[in-house]
Amino acid sequence: MKPPPFSYHRPATVTEAVTMLDELGPDAKILAGGQSLVPMLNMRLATPAHLIDINRLDELAYVRVEPEGVRVGALARHADVEHDAAAGRAIPLLAEALRSVAHPTIRNRGTTVGSIVHADPSGEMTAVLCLLDGEVTLVSRRGERTVPAQDFFVAPLTSAAEADELATSALFRRPTGAATGTAWMEVARRHGDYALCGVGAVVTLNEAGALTTVRTAYISMGPIPQTLDLTLEAIGSNGDWRAVGEAAAAQLEPEEDIHATARYRRQLAVVLTARACRLAAERAERARRAAPSHPTGGAGRTGSGVEGER
Amino acid sequence: MTPDRGPTEQTHDISLTVNGVLRQARVPARRLLSDCLRHDLGLTGTHVGCEHGVCGACTVLVNGQPMRSCLLLAVSVDGSEITTVEGCTDPDGSLGPVQRAFMECHGLQCGFCTPGFITTIAAYLRRNPNPTPEQAREAIGGNLCRCTGYQNIVASVLRAAEIMREESGDAGVPAAGHGRGERA
Amino acid sequence: MTTRMIGEPIPRREDPRLVTGQGRYLDDLGAGALQVAFVRSPHAHARIVDIDVTDALDVDGLVAIYTYEDLAAADEAGSSHLSEPLPLLIPHPDLTHPRTAYPLARDEVNHVGEPVVMVVATDRYVAEDVCDRIRVNYEVLPAVVGLDAAIEATHLVHPDIPGNIGAHMVQERGDARAAIAAAPHRLELDLEIERSASMPMEGRGVYARWDADDRTLRVYTSTQAATSVRAAIAAKLAVPIDRVEVIAPDVGGGFGVKVVHPWPEEVLIPWAAMRLGREVKWTEDRREHFISSAHERGQKQKVRVGFDDDGRLLGMEFQVWHDHGAYTPYGLIVPIITTTQVLGPYKPGAYRGEFWSLYTNTVIVTPYRGAGRPQGCFAMERTMDAIADYLGLDRTVVRERNFIQPEEMPYDHGLVFQDGRGLVYDSGNYPALLDKLKALVGWDSFAEYAEQARAEGRRVGIGLACYVEGTGVGPYEGAHVRVETTGEVVVATGLTTQGQGHQTMLAQIVADELGVPVERVTVTTGDTRRFKYAVGTFASRTAVMSGNAAALAARKVRAKALRIASEALEVDPSDLEIVDGVVRVRGVPSSPGAKTEIPLSTVAVLSNPLRYAFDAEAARATQFAVGGSSEEPPVAEDDEPGLEAVDYYSPPRSTFAAGMHAAIVETDPETAEIKVLRYCVVHDCGNLINPRIVEGQIHGGVAQGVGGALYERMVYDSAGQLLNASFMDFLMPYASEVPTVETDHLQTPSPLNPLGVKGAGEAGVIPAAAVFASAISDAEGFAITRMPISPSELFELRERFAAGEIPPLRSRSGHISGEGRFVRAKEDSR
C-alpha cells in the first residue's frame with residue numbers, strides 16, 4: 001500500500017495553480033488535505049500522473065462570515081471551520097455537522113471544500129451545503145464561475161467541477177426567516193464512521209411561532225446528497241414529526257450495502273428526520289423567544305440549541 | 001495502470017524540524033511522511049498500522065496538530081515542525097507525563113498503537129488540561145488499539161492530566177478525578 | 001524482607017522502551033534491506049495459465065522476480081524443499097483430506113490473496129510498481145464461498161476432495177441420542193457465527209540476513225513460535241539447524257494469527273536473502289493481512305438437548321459445520337476445541353460432539369484468541385437460555401443446576417481435548433463464580449430496573465454466559481536462569497511475547513524464587529539464540545508453562561547458590577536464606593562484609609573456578625574458600641561452572657480456568673442501535689502473578705468480544721472477494737464502542753503446577769457473543785441465534801418478529817408451558 005509515482009507541483013498562487021491544471025491536463029489532481037485522496041493513492045485506486053499541491057495557497061486558508069453566510073476557503077481545514085467562533089455564531093449547523101466528520105485528527109488536515117469536491121454521497125458537508133443553499137466557486141484559466149449546490153453533485157465521487165477547475169471556496173448561506181433552528185443527526189456503525197444515514201434539518205418559524213419552512217438534507221441515502229422540502233408535510237402533520245419522517249423516507253431510495261439494508265436505511269431516515277426536525281423546531285422556538293421583538297433583518301436568529309447561545 | 005516511471009524518479013529536498021531538530025531528506029514526491037520519518041530519518045517510533053488513515057498508529061503532531069502521517073506526503077509538509085513519540089519525553093530525556101501515565105496505568109500491551117495515542121493525547125491535554133472521563137474517552141476516539149480495550153488508556157489520559165497539573169504546581173481540585181468505572 | 005513479587009501489580013519492565021518509540025518491531029529493523037512485495041491472486045479460484053513479467057523488467061530498482069518455477073529449479077539444483085506444499089503442522093487421523101498451499105502458487109490459486117509472484121526491489125514502493133506490471137493470466141474456476149456452498153458441494157475447492165470435507169469427527173460419551181429421546185423435554189437450536197480475525201495492529205513481517213562467511217542465517221519474524229519457525233526454515237531451505245537463528249523482535253500483537261508457521265513468506269524471504277546474498281525484508285500491509293493471513297470463527301451449529309423438569313441436561317448432541325478456508329495447515333484444533341469446550345462448567349449427561357471441517361475458497365482459518373471456544377460457549381449458553389425460557393426458570397437457576405460442583409473436581413468429561421489428553425477439569429468453583437457475578441451486575445434487581453426503563457420507553461436487557469477454558473496446554477516449555485557475576489539475573493524462555501508483559505511476569509516469578517529484587521531480573525523471550533526448545537505462545541499457556549519452568553529453573557539456581565554459599569559461610573544450606581540478592585544466615589541481622597552473609601554476585605563468581613579478577617566482585621570472592629582438596633577436579637563430576645540452570649515444565653494435561661460475564665444492553669426501539677450499558681466479568685485463573693496484567697488481558701479480550709459480537713465480520717461476495725478488507729469497513733471497535741469493564745476475581749489454584757496458576761490470555765473474548773445474544777434477546781423478547789448482530793440485522797429481525805415469523809420468548813408471551821418454540825427450533829414435550 002504505497003502510492004504510485006507521480007510528479008509533484010506546488011503552486012504559490014491560485015493563478016499559478018489553474019495554469020498548471022490547464023497545462024497538465026486531465027491526468028492532474030489537486031491535493032488539498034488529502035484525507036480521501038491519499039488513501040486512494042496508497043491503495044493505488046487513484047493513479048494521477050501529476051499532483052498539484054495547493055497547501056501553500058495561503059490566500060485560500062480562511063473562514064469568513066459574510067452578509068449572506070459563511071464562506072470557507074479551499075484551504076480551510078475542517079477543524080478551522082469547526083472552531084471558528086464567528087462562523088459558529090452565524091451558522092451553528094456547520095460545527096454540529098463537522099463533529100460527525102471522521103475524527104478530530106482527520107479534521108485537522110482534511111479541508112471542507114475538498115470533501116465537497118470529493119462528492120462522496122456519505123460526506124456530511126455535501127448535504128450541509130445543499131441544505132443551506134450553498135454554492136461552490138470554481139476558478140480556471142477560463143475564468144471564475146459559481147455553481148449552486150443543487151447542481152454541484154453529479155454522481156458518486158463526481159462533481160460539476162471540470163478537470164481544469166480549482167474549487168476556491170464554498171459559501172454556506174445563513175437560513176433566513178424570523179427564527180431558525182437547525183440540527184444534524186446521524187447513525188454510524190462506529191463513532192466517526194461514514195453514516196448509515198445522516199440528516200440535516202432547517203426549521204424556520206414566523207414571528208408568531210408558526211412553521212414557515214422545514215427542509216432536510218441526507219447523506220448515504222442516494223448517489224448524491226438528497227434535499228427535501230418538507231414544509232407542507234410538517235404544517236399538515238400538526239407537530240407529528242414521525243409522520244414528517246415517514247413522508248420524507250417515502251421520497252428516498254437508499255441502497256443496500258454491507259453495513260445496512262435499504263429498508264433499514266429508510267427506517268433511519270424516518271427516525272432521524274423526525275428527531276432532527278423536532279430538535280431544529282425546538283431550537284427555532286428558543287431563538288424566537290430569545291428575540292421576541294427584534295427579528296434582525298433578513299438573517300433572523302439562528303438557534304443552536306446545543307448549549308444555548310454560543 | 002501505473003504511469004511510466006522515468007529512469008530515475010524525481011526527488012525533492014525537504015527539511016523538517018523533527019522533535020526540535022532540523023532534519024533534511026531527499027525524497028520522491030510519493031514518499032509518505034510516515035515512511036520518511038521511519039526510513040529516511042530513522043525515527044521508527046512512529047508506526048504504520050493501516051496506511052489508509054483509520055487506525056491512528058502513525059499519528060504525529062504537525063505544527064502542534066495531530067495528523068495521520070500515512071496520509072501526508074513528506075514533500076507536502078516540507079518546512080513543518082513535527083513531533084513524534086520520541087519527542088514526547090521531558091526536555092531532559094526522561095519519560096514525559098503521558099508516557100509515565102501509560103506506564104503507571106498499564107495503558108499499553110503490545111505497544112504498537114501506543115505512539116499514536118501518546119502524540120494525540122499530548123496535543124489534546126495542551127488544549128484541555130482537565131478532561132472528564134467521558135472527554136478522555138472521546139480524546140482517544142480516533143485511534144485503534146487491539147490489546148487494551150481502551151479502559152487503561154482512558155485512565156492514562158486522566159493520570160497524565162493529573163501529572164501535568166502536579167508539575168505545573170496547580171494544586172487545584174481536578175475537575176475530573178478518576179471515575180470508578182474508568183480505573184476499575 | 002524482600003517484598004513478595006508474585007501477586008503484585010507492578011508496572012511493566014518493557015514499557016519505558018515502548019512508550020518512547022524505542023521498541024523494535026519487525027519493520028523497525030533492517031534499514032537498507034531489499035524489500036519484497038507479492039503479486040497475489042485476485043481470484044478466489046483459478047488456474048494459472050501464464051505469468052508475463054516482460055513489462056516489469058525495466059523498472060528501475062527491481063532486483064528479482066520469483067515464481068513457483070524458480071522454487072522448483074532451486075530444489076532441483078540444491079536440496080531445498082520449496083516446491084513442495086507447506087507442512088501440515090498438526091495432523092490428525094480424522095483429518096482424512098488435508099491440503100496445504102505451496103509457498104508460491106503452482107498451477108492453481110484457491111483464495112483471493114494467495115501469493116503467486118515474489119518481487120524483490122530496492123524499496124517497497126518500487127516493488128509494488130513492479131507487481132503492477134506483472135501480468136498473470138488466469139482461467140477462472142467456480143468459487144466455493146460460505147458454508148452453505150461448501151456443504152452443497154456443487155463445486156469443489158480441490159477436485160480430489162469429495163464433498164469439500166477435510167475432516168469428519170465424532171466424540172461421544174454415553175448414548176446421547178438415546179438419552180435425548182428418553183428425556184422429558186427436548187429442544188433443538190440452529191445457530192451461526194460469522195468470520196472475524198485476530199487483526200493485530202502490526203501485520204506479519206519477515207527480515208532475513210545470510211552471513212555467507214559464517215554460513216549463518218538470521219531471520220527476524222513477527223511470530224508467536226520462533227523455535228518452530230527455525231526448524232521449518234532449516235528443513236525447507238536445507239540449512240543445518242545450528243546455522244539458523246530465529247528471533248521474534250517486539251511483536252505488535254498476535255492473537256493467534258502469528259502462531260501459524262511457516263507462513264510462505266517465512267521461508268521465501270530467507271531463501272531470497274541467501275540467493276541474493278543481500279538482506280531482504282517483507283512487511284505485510286493491511287490489505288495483505290486481510291486477504292493473505294488467517295481468519296476464524298465461521299461455523300454453523302445444531303444443538304439437540306434433552307432435559308428434565310428442573311432443566312438438568314440429560315443428553316446433548318452438538319453438530320458443527322466448520323469453515324476452514326482453502327487449506328488446513330493448522331489441522332483440526334479449532335473445531336476440536338469447539339466441540340469439547342462447548343461443555344463449559346456443566347455436566348451434559350450423555351454427549352455427542354460431531355463436526356465437519358469444510359473447504360471453501362477463502363482465506364485459511366486458524367486459531368484466533370479463544371480458538372473455537374467462543375463458538376462452543378455461544379452454543380451452550382444459547383441452549384441454557386432456551387431451556388430456562390422453555391421451563392420458565394431464571395437463566396441463572398438453570399445454569400446452577402447443571403454446574404459441576406467444586407467437590408466433584410477433578411472432573412473427567414470422558415473426552416479427548418485439543419492436546420490429545422483427557423478433558424479433565426483440575427479445579428474450579430462455578431457456584432461461587434456465579435454468586436459473585438450476580439452480585440456484581442445486580443442480577444436480582446434487574447427486573448425492577450427493566451420495568452422502570454420500559455415505563456420510560458426504553459428497552460433494556462441483561463444477559464450472561466459462563467465458560468471454562470482449557471489453558472496451559474503442553475507438551476512443555478523451558479527456561480534458563482543465570483546469575484551473572486554482577487548479580488544481574490538473566491532469564492530466557494523460548495516462547496514469544498506479543499504484548500502480554502511476559503518480561504515482567506516471568507521476572508516477578510524468578511525474583512521471588514531467587515530472592516532478588518525484580519529490577520535485577522532481565523527476561524528474553526522468542527530468541528532461539530538464547531533458548532532453543534519451545535512450543536510457542538497460544539492457548540493461554542505462557543504463565544502456566546514458561547512461568548512454572550522459570551520457577552523450577554530458578555529453584556535449581558537457588559539450591560546451587562545455597563550450596564556454594566554454605567561452603568563459603570561454613571553453615572548448613574538449610575540455615576540460609578536469600579533476601580534482596582544476599583545469601584545470609586537466617587535470623588542473623590544483616591551486616592555487610594560479615595561472614596554471615598554473601599551476595600549472590602559473589603556466589604556467582606565462586607561458582608566458576610576460573611576467576612580472573614576483572615572486577616570488584618571477583619576480588620571480593622577471594623576471601624572465601626570453596627571447593628574440595630587439591631586432589632579433586634576443580635569442577636566436580638556432578639557439577640558445572642556458573643550459577644545457572646535450565647529446567648522444563650511439562651504438565652500431564654491442561655489446567656482449566658473459568659469465568660462468567662454479564663452485560664446490560666439498551667436497544668433503541670427506533671434505530672435498533674445496541675448500546676452496552678454495563679459489562680461485568682468474574683474470572684478465575686488460579687493464583688494471580690500480576691493482577692494488573694491479568695486485568696489488562698481481560699479488558700482487551702472483552703473489547704475483542706464486543707467487536708466479534710457487534711461489529712466485526714468478514715464479508716465475502718459469492719465470487720470470493722472480501723468486500724471489507726480495510727479498517728474502513730472491517731469495524732474494529734474504537735474507544736467509543738467498548739464499555740468500561742467491571743471485574744471481580746476468584747482464585748482457585750490449579751493443583752497441577754507448582755505456582756497454582758491457570759492461563760488468562762483468551763478468557764475475556766470467549767463468552768462475549770453469548771452474553772450479548774442473551775442480553776439482546778432479553779431486551780427484544782425473541783431469541784438471537786446468529787452473531788455478530790448489527791443494528792440493521794436487529795431491525796430486520798424485529799420486522800420478522802412483528803410479522804410473526806419469529807416466535808416470542810415464552811417468558812414474554814406469557815405462556816410458560818404448552819406450545820412454544822425457540823426460534824427455528826423444533827421441540828416437543830411429554
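**View 1. The two domains of chain B, with their C-alpha centres 22 Å apart.** In this predicted model, chain B is split into domain 1, covering residues 11–87, and domain 2, covering residues 89–175. Where the two meet, 17 residues of domain 1 of chain B touch 11 residues of domain 2 of chain B. Look on the domain 1 side for strand S3 (59–62) and strand S4 (65–68) of chain B, the elements that each give two or more residues to this side. S3(B) makes the largest contribution, with three residues. What kinds of residue does the domain 1 side hold, by class? There are 10 polar and seven nonpolar residues, and no charged ones.

**View 2. How confident the prediction is along chain B.** The mean pLDDT of chain B is 90, and 88% of its residues reach 70 or more. Two stretches deserve a careful look. Over residues 1–7 of chain B, pLDDT stays under 50, and the model has 16 contacts beyond four places in sequence for them. Residues 172–184 of chain B also stay under 50, and here the model has 27 contacts beyond four places in sequence.

**View 3. Domain 1 meets domain 2 in chain A.** The domain assignment of chain A gives domain 1 as residues 7–174 and domain 2 as residues 179–303. Their C-alpha centres lie 25 Å apart, and each domain brings 21 residues to the contact. On the domain 1 side, you can find helix H5 (92–98), helix H8 (124–131) and strand S8 (153–155) of chain A, each giving two or more residues. Which of the elements gives the largest share of this side? That is H8(A), with six residues. Sorted by class, the domain 1 side has 13 nonpolar, five polar and three charged residues.

**View 4. Chain A against chain C.** Here 18 residues of chain A are in contact with 24 residues of chain C. On the chain A side, helix H12 (residues 262–290) gives the most, with four residues. The classes on this side of chain A are 10 nonpolar, five polar and three charged residues.

**View 5. Chain C against chain B.** This contact takes 49 residues from chain C and 53 residues from chain B. Four elements of chain C each supply at least two residues of its side: helix H1 (15–19), helix H3 (124–133), helix H18 (691–711) and strand S28 (741–745). H18(C) gives the most, with six residues. By class, the chain C side has 21 nonpolar, 15 polar and 13 charged residues.

**View 6. Helix H12 of chain C and its surroundings.** This helix spans residues 430–441 of chain C, 12 residues in total. From its first C-alpha to its last it reaches 16 Å, close to the 16 Å expected at 1.5 Å a residue. Which residues of H12(C) are buried? They are C:Tyr430, C:Leu433, C:Leu434, C:Lys436, C:Leu437, C:Lys438 and C:Val441. A handy thing to remember while looking: an α-helix has 3.6 residues a turn, so residues three or four places apart point the same way. The cover over the buried residues of H12(C) includes helix H11 (395–402), strand S18 (459–471), strand S26 (655–667), strand S27 (674–684) and S28 of chain C. Just after H12(C) comes C:Gly442, with a positive phi near 75°.

Definitions and conventions
Residues are numbered from 1 along each chain as its sequence is written. Chains are lettered from A and ligands numbered from 1 in the order in which they are written. This is a predicted model: local features need pLDDT of at least 70, side-chain atom pairs count only at pLDDT 80 or more; totals for chains, interfaces and linings use all residues. Domain bounds come from an automatic or database domain assignment. Two residues are in contact if their C-beta atoms, placed from the backbone, lie within 7 Å. Ala, Val, Leu, Ile, Met, Phe, Trp, Tyr, Cys and Pro count as nonpolar, Asp, Glu, Lys and Arg as charged, and the others, Gly among them, as polar. pLDDT is the predictor's confidence in each residue, from 0 to 100. The expected span of a helix is 1.5 Å times one less than its number of residues. A residue is buried if 20 or more other C-beta atoms lie within 10 Å of its own, exposed if 12 or fewer, and partly exposed in between; C-beta atoms are placed from the backbone.
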